[in-house]
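Hi everyone, thanks for coming. I'd like to walk you through one part of a structure today, so let's bring it up on the screen.

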Amino acid sequence: MLQTITWTGQAARLLDQTKLPTETIYVDITSETQMWDAIKRLVVRGAPAIGVAAAFGVYLGVRDWPDDDQIGFGKRLEEVCRYLATSRPTAVNLFWAIERIQRVASTIRSAEIEPAQVVRTTKQRILDEALAMLEEDNRICRSIGEHGVKLLAPLASSQGPINLLTHCNAGGLATVRYGTALAPVYVGAEQGLKFHVFADETRPLLQGSRITAFELQQNGIPVTVICDNMAATVMSEGKVAAVIVGTDRVAANGDVANKIGTLGVAILARHYNIPFYVAAPTSSIDLSLPTGKQIPIEQRDAREVTEGMGRTTAPPAAQVYNPAFDVTPANLVTAIITEHGVAVAPYEASLKDMCQRKD
Ligand code: MRU
């Protein structure tokens with residue numbers, strides 16, 4: 001499995017996902033401005049990976065601050081956190097990670113540490129926390145995989161593989177490893193289950209065909225790329241046993257924001273009576289938002305739509321609407337698979353329960 005993010009000791013090394021599937025290039029990020037740009041341009045993408053990347057971004061933004069300027073350091077930390085939080089609005093993991101770093105920093109400031117050591121110790125703790133998130137993400141995704149496979153295994157038959165459909169990329173390349181939506185596939189494959197995945201191409205930036213198909217192929221899972229407008233056909237032909245997707249933010253009532261086009265897939269799945277599963281670490285659950293209506297939806301550059309395929313595909317000055325995400329209402333979601341277990345409706349109670357669990 002390719003590594004999305006690693007820490008070299010000096011830099012956060014990111015797999016440049018804008019170059020997939022034709023090139024596997026790594027970039028070393030050494031400042032918070034480079035990290036902001038990498039998140040914005042989708043060099044690193046996918047909610048959990050964005051969170052971990054932002055945590056390293058905070059460290060990179062404060063690591064060169066003079067150790068003897070505690071007041072200036074506090075202001076700098078605030079500034080860097082606020083700045084990184086403007087990179088992308090929808091994935092709550094970004095804000096979750098930044099807040100977690102801020103909490104760590106504030107515990108040190110109020111702890112009994114010699115004043116001369118506060119800045120140095122805080123920097124080290126911020127780095128340690130970012131490294132801990134990197135490590136945790138592996139365990140969390142593995143656990144999502146183990147819970148998810150229990151839902152998918154009963155779909156196996158002697159007729160052939162379990163046919164899934166996914167939208168965008170919620171695989172290992174959207175996290176540190178394993179992924180969320182694809183974790184049950186990888187865990188199930190280890191257990192001997194056979195899968196075949198339809199990967200929606202996922203216009204405009206093609207995360208499905210460029211990234212999901214790429215990583216499934218690399219991991220030996222049979223995959224078929226379809227254009228987004230073919231999902232209805234494969235479902236109507238009885239070729240899809242379940243849909244499984246990731247999410248950028250789940251509201252308290254179970255409404256789910258994910259890559260634009262997910263809502264259409266969920267509506268189709270309901271029409272064809274196909275289960276629609278969402279895989280999400282609890283860090284993607286935002287209990288502060290009562291419904292999906294409050295989830296901020298990122299609007300992106302029109303050129304992603306008009307010039308996204310290496311050529312101009314719309315007339316000059318055509319009006320373009322390019323929301324990067326949509327919200328699937330909870331009533332279309334069969335279950336939400338977290339690292340602590342599977343949440344089902346009524347989601348207000350089950351999601352709260354998942355967020356409180358420690359196991
Ligand atoms: O714009 P992207 O590529 O960051 O969008 C990614 C998605 O929509 C994923 O499905 C979501 O972040 C979950 S990743 C585990």
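**A sheet and its neighbours**

Let's begin with one pair of strands: β7, residues 242-245, and β10, residues 276-279, run parallel and are joined by 3 bridges. Keep in mind that this is a predicted model. Within that pair, Ile-244 sits opposite Tyr-277 of β10.

β7 also pairs with β4, again in the parallel sense, over 2 bridges. Here Leu-165 has Val-243 of β7 as its bridge partner.

And where do the side chains of β7 point? Ala-242 and Ile-244 face one way, Val-243 and Val-245 face the other way, and all of them are buried.

Now let's step back to the whole sheet. The sheet is open, with 7 strands in the order β6-β5-β4-β7-β10-β13-β14 and mixed pairing. β6 (223-226) and β14 (341-343) are at the edges with a single partner strand each, so one side of each has no neighbour in the sheet. From one strand to the next, the twist averages 25°.

Packed on the sheet is helix α5, residues 118-152, which touches β4, β5, β7, β10, β13 and β14. The direction of α5 makes about 145° with that of β13.

One last stop, and I find this one fun: Glu-201, in the loop between β5 and α7. What is the nearest side chain of opposite charge to Glu-201? It is Arg-203, 5.9 Å away, and Glu-201 is buried yet has no salt bridge. Beyond its neighbours within four places in sequence, Glu-201 is in contact with several residues, including Gln-207, Ser-209, Ile-226 and Asp-228.

Thanks, everyone!

Conventions:
Residues numbered from 1 in each chain as written. Predicted model: local features only at pLDDT ≥ 70, side-chain atom pairs only at ≥ 80, totals over all residues. Heavy atoms only, no water. Pairing = 2+ DSSP bridges. Helix = DSSP H or I, 4+ residues; strand = E, 2+ residues; numbered from the N terminus. Axes fitted to C-alpha atoms, helices over the stretch in contact; angles between N-to-C directions. Contact = heavy atoms within 4.5 Å. Buried < 20%, exposed > 50% of the residue type's maximum accessible area, 1.4 Å probe, protein only. Lys, Arg positive; Asp, Glu negative; His and termini not counted. Salt bridge = Lys/Arg side-chain N within 4 Å of Asp/Glu carboxyl O.
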